[in-house]
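Here are my notes on the model you sent round. I've kept them as numbered points, so pick out whichever ones you need.

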Amino acid sequence: MNILNHPSVASEWLSGLDLDGKAHNVVIMAVMEVDVPDRTGKTERCVAVAFTTPNGTALRKRLILRPTNAKALAKLFGLETDNWAGKGVTIRPENVQAFGQTHCVVRVAGAAPVKMQKPAEQETAA
């Protein structure tokens with residue numbers, strides 16, 4: 001059993017631990033504003049990114065954009081988030097020190113070539 005998938009631990013937000021210690025090429029599906037509870041219980045308005053795999057399968061978890069990743073994506077694809085959908089990006093886990101502890105976070109490592117899988121051709125009736 002993957003403990004990160006257990007209902008008592010699972011989160012809707014992507015973490016570095018979800019990446020199994022390796023980089024992944026993903027495609028930006030959408031960028032949206034979301035309400036997220038902060039450490040004090042207050043609601044914080046954040047920006048989140050939803051991804052798909054290059055073959056079009058939606059990832060179950062979204063990435064909350066904090067300044068480091070937001071700036072990395074803006075540098076790659078421009079300031080206007082409406083233009084990010086369909087762009088390929090490589091994400092990877094990274095250990096960082098924050099709040100007195102080490103945390104495994106997701107980092108945008110750069111643009112990734114997008115090789116979308118061709119849709120299956122439909123059969124035509126004779």
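**Notes on the fold and its packing**

1. Let's start with the helix against the sheet. α1 lies across β1, β2 (43–52), β3, β4 and β5, and its direction is at about 5 degrees to that of β5. Keep in mind throughout that this is a predicted model.

2. Now the overall inventory. The protein has 1 helix and 5 strands, and reading from the N terminus the elements go β-β-β-α-β-β. So much for the order along the chain; the order in the sheet comes next.

3. The 5 strands form an open sheet in the order β3-β2-β1-β4-β5, with antiparallel pairing. At the edges sit β3 (63–65) and β5, each of which pairs on one side only. On average, neighbouring strands in this sheet are turned by 40 degrees against each other, if direction is ignored.

4. Which strand does β1 (residues 24–37) join through 4 bridges? That is β4 (residues 88–98), and the two run antiparallel. If you want a pair to look at here, take His24, whose bridge partner in β4 is Ile91.

5. On to β4 and β5 (residues 101–111). These strands run antiparallel too, joined by 10 bridges. For registering the pair by eye, Gln97 has Thr102 in β5 as its bridge partner, while Glu94 stands opposite Val105 in β5.

6. A backbone detail in that hairpin may be worth a glance. There are 2 residues between β4 and β5, and Phe99 takes a positive phi near 55 degrees in this hairpin.

7. Next, the nonpolar packing. The largest nonpolar core has 16 residues, and those with the most contacts inside it are Leu14, Ile28, Phe51, Leu73, Trp84, Val89 and Ile91. Two or more residues each come from β1, β2, β3, α1, β4 and β5. The largest share is that of α1, with 3 residues. Ile91 thus turns up twice in these notes: it is listed among the core residues with the most contacts, and it is the bridge partner of His24.

8. What does Trp84 touch, not counting residues up to four places away in sequence? Its list is Ile28, Val31, Leu65, Ala70, Leu73, Ala74, Phe77 and Gly78. Of these, Ile28 and Leu73 are also named among the core residues with the most contacts.

9. There is also a second, separate core of 6 residues, including Trp13, Cys46, Ala48 and Ile64.

10. One polar residue deserves its own point. Is Asn69 buried or exposed? Asn69 is found in helix α1 (residues 67–77), and it is buried because its relative accessible area is 5%, where the cut-off for buried is under 20%. Leaving aside neighbours within four places in sequence, Asn69 is in contact with Leu63, Val106, Arg107 and Val108.

11. Finally, some whole-protein totals. Of the 126 residues, 28% count as buried. The accessible surface comes to about 8700 Å², with 52% of that belonging to carbon and sulfur atoms. As for contacts with a separation of 6 or more, 48% are between residues 24 or more positions apart.

Technical notes
Residues numbered from 1 in each chain as written. Predicted model: local features only at pLDDT ≥ 70, side-chain atom pairs only at ≥ 80, totals over all residues. Heavy atoms only, no water. Buried < 20%, exposed > 50% of the residue type's maximum accessible area, 1.4 Å probe, protein only. Contact = heavy atoms within 4.5 Å. Pairing = 2+ DSSP bridges. Areas by Shrake-Rupley, 256 points an atom, 1.4 Å probe, with all protein chains shown as cover. Axes fitted to C-alpha atoms, helices over the stretch in contact; angles between N-to-C directions. Core = buried A, V, L, I, M, F, W, Y, C linked by side-chain atoms within 4.5 Å.
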